[in-house]
Structure formats: structure tokens, C-alpha cells
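The following paragraphs lead the reader through a structure, from its sheets to its ligand shell and its backbone exceptions. Please keep the sequence and the model in view while reading.

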Amino acid sequence: MTRVFNFGAGPAMLPTAVMEKAQQEFLNYAGMGASVIEISHRSKEFDEIINAADALLVELANIPENYKILYVHGGAQMQFSAIPLNLIGRCPSHKAAYVESGNFAKLANKEAARFGDVDIVASSEDSNYDRIPEIDPAAISEEHSYLHITSNNTIYGTRFQQFPDVGSVPLVADMTSEFLSRTLEIEKFGVIFAGLQKNLGPAGLALVIIREDLLEHALPDTPNLLKYKTYADKHSLANTNNTFAIYMMKLVLEWLKEQGGVAALEAQNAVKSKLLYDLIDQSDFYTGTAQVDHRSTMNVTFNLANNDLLDDFLSQALAKGLYALKGHRNVGGVRASIYNAMPLEGCEALAAFMQEFASNNS
Ligand SMILES: Cc1ncc(COP(=O)(O)O)c(C=O)c1O
């Protein structure tokens, strides 16, 4: 069987070793004669899985003791609702600050506006989100219940190289497309959330890491299963959770540990993205769409100088096993999503193809 290099933005490539392990034990988990998707979320065996996932996260992401790890239904966009529902009531003003650095950031602030007042404190919409906008610290005040950022902008290929220091205002980060791809100081954040489907596992579930003191501010009408405290109090098992996604994430975390942990992956991600960015910068044939100092190591976005060649580029790439390279419609061109699971060989194969395509069409 031939597998492609999958450059899709998400659901994205998972490590082959992880899927082989899942396949191997799918019909008969831990000698039970039943699949992991058939056993109770309250069984001893599933308890071991969720505890192992927690412990691996604490170890790999260096999560301090005063943070809770939650597995929340509904993927990342559901958190666009859950964040204001749980946090906008922290200050009597019911005001929150949002940085608009892309499409998902915009969806997040629109959703928050249902529950309180939203201040867009910085935006790069004027240049089609080709950069992380500069944040004026004076725009954020103690009246803001939190500041929301999208740390890596999947569609536009930009990321925060440094994170803003907002003093006592909790920093909330949507890290869907980069969590565990770079080392972090978790203490700098009030909440980090990430849909699983890029670096962590299957779609439909979100990982939420929240400082304990922030669990107490939910608006009175918050639905029980959108309330972070419900998840914190019941170890994310107030109802039947997505046991398969949690199991898959545990396997991905074990794999990540075997690779040497987050710092090792961060170094590898720098090498992988540099390979593509160097090629783009050295050629007249390709142009990067994100400003150089704002580039993501997870989503590499670029255009062909002659856009008429785009369809040929994509179809010839596919014929070589380089799958799902089409850019998002808001940007056009090409997007190579190179999350943790993309091996260096995938980026080398793409770089070789890009060189060959440029020389055949120049
Ligand atoms: C940064 C970011 N936030 C949120 C989402 C939405 O995730 P979901 O489809 O899980 O709701 C995505 C999806 O690609 C994303 O890249």
C-alpha cells in the first residue's frame, strides 16, 4: 500500500506508527476481546487511557499544577462560544479584547460579541492577514476579562513569534494548528485550547488547558456541557466523551515522547519549514504570502508567479504523492501544512517537486 504525504490543513496527517498501533489493537484492546470504542468510558481500562493522556500532556507541555486539562466536545470552534461563556463574566464590564489575525480569529470575536462587548485591539485584515498585527499594550485594560489571540493562523501561514505580555489580564490562545509544535511557558496563558485534528488526533474534540482560578466565572445560563467547571469536576466524563479521540491522542503523545518531546519536534519543524521557505525566497517562481518575520512553521503558504500554472502544479504534485496542497480560498495559491507528523522526507519531496516544476515551466 502506498501512502501519500498529506499536506492537508486538517484533519491532517497522523504518525503512521500511531495508526498502525491503533489498527493492531482495534478489535481486541488490552486482551479484553472488545475494541477501545466499545468499552465504557467509566471502565478501568479507559480510566488508564485518560490518566495516561493527562500525564503525558503534563510532561510534554510542562503544565503547572494549578492548571486543569479538559477534553471538551465540539472541536475548536465550539470553544469560540465556550471561552466567552466561561470567561467574559470575569470582569463586571463583560468586555473582552480580541486580536483579529485571521478568519478563525474573526469567527471567535463574532461569537464572543453575543455574550458581551468585544474590543478588537489589533487587526491585520487590511493586508489580508499576512502578518500578526501589533498590539498596543495601552489598548488592553483591567476592564477586559481576557485577551484572545490565535497563536497560529492556519489559513494565512502566520504565527505569533512572541506572545504579548498583558499583565493580569488572562491571555487566551487558540493553538489549534500548533499546540505541541513549539515549547511554551504555559504560565503566560490563562487558557490554551486546540482542536485535536492537526497535531493531536482526530477531529471533533478540543483540548483545553485552563488556570484553575478561571473556572469560576461562567455566565449563569452557560449550558452544562459548555461549562469548563463541569469538565474539571468530572475529569471530562460528565457524559460519554469521545473515548476514541482521547485514546488516539494518547497514542500520538506517546509517539511524541518517543521522538524526544516538544523541543525535538520544534527543532525538526524549524528545519522542515526552513527548507520550503528558503526555496521560496531564492526563487522568482514562488512568492510567500505571509510576511517573512511572521511566518508559521506549521502552514507554509505561497503563490506561483503565474497563477495559471496552479492547477498543473497541484495535479502534478498529487501524481507524485503530494496530497492536499491547494491553498485556502481566502488566500489562493498553495498551502503546505507540515504538522509534527509530517516527516522531513515529505518536505524534501515537496521541495524537489517545486524545483522541478519551476525549471520545467520557467
Ligand atoms: C486556528 C484554528 N482555530 C479553529 C479552527 C476550527 O476548528 P474546528 O473545525 O475543530 O471547529 C481551526 C480549523 O482549522 C483552526 O485552524
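In which sense do strand S9 and S10 pair, and over how many bridges? Strand S9 (residues 191–195) pairs with S10 in the antiparallel sense, over five bridges. The model is a predicted one, in which local features need pLDDT of at least 70, side-chain atom pairs count only at pLDDT 80 or more, and totals for chains, interfaces and linings use all residues. Residues are numbered from 1 along each chain as its sequence is written. Helices (H or I, at least four residues) and strands (E, at least two) are DSSP runs, numbered from the N terminus, and two strands pair if DSSP finds at least two bridges between them.

S9 and S10 belong to an open sheet of seven strands, in the order S2-S10-S9-S8-S5-S3-S4, with mixed pairing. Strand S2 (67–73) and strand S4 (117–123) stand at its edges with a single partner strand each, so one side of each has no neighbour in the sheet. From one strand to the next, the twist averages 20°; angles run from 0 to 180 degrees between N-to-C directions, and axes are lines fitted to C-alpha atoms, for helices over the stretch in contact.

Within this sheet, S2 and S10 run antiparallel and are joined by seven bridges; Ile 69 stands opposite Ile 209 in S10. On the boundary with S9, Val 191 has Ile 210 of S10 as its bridge partner. Strand S10 (residues 205–211) is mostly covered, with six of its seven residues buried. A residue is buried if 20 or more other C-beta atoms lie within 10 Å of its own, exposed if 12 or fewer, and partly exposed in between, with C-beta atoms placed from the backbone. By contrast with the antiparallel pairs, strand S3 (residues 95–100) and strand S5 (residues 144–150) run parallel, joined by three bridges, and Tyr 98 has His 148 in S5 as its bridge partner.

A further open sheet has three strands in the order S11-S12-S14, with antiparallel pairing. Strand S11 (286–288) and strand S14 (334–337) are at the edges, each with a single partner strand, so one side of each is left without a neighbour in the sheet. The twist here averages 35° from one strand to the next. Strand S12 (residues 299–304) and S14 pair over four bridges, and Thr 301 has Arg 335 in S14 as its bridge partner.

Helix H7 (residues 262–282) packs on this sheet, touching S11, S12 and S14, and its direction makes about 20° with that of S12; residues are in contact if their C-beta atoms, placed from the backbone, lie within 7 Å. Among the buried residues of H7 are Val 262, Leu 265, Leu 276 and Ile 280. Their cover includes helix H2 (44–61), helix H6 (243–258) and helix H9 (344–361), as well as S11, S12 and S14.

The ligand is surrounded by 13 residues, of which Gly 75, Ala 76, Gln 77, Thr 154 and Gly 195 come nearest; a residue is near a molecule or strand if its C-beta atom, placed from the backbone, lies within 6 Å of it. Helix H3 (residues 75–87) provides the largest share of this shell, three residues.

Most residues other than glycine have a negative phi, and most peptide bonds are trans. Gly 10 and Pro 11 are joined by a cis peptide bond, with omega about -5°. Asn 62, in the loop between H2 and S2, has a positive phi of about 60° and is partly exposed, with 14 other C-beta atoms within 10 Å.

Notes
Contact = placed C-beta atoms within 7 Å.
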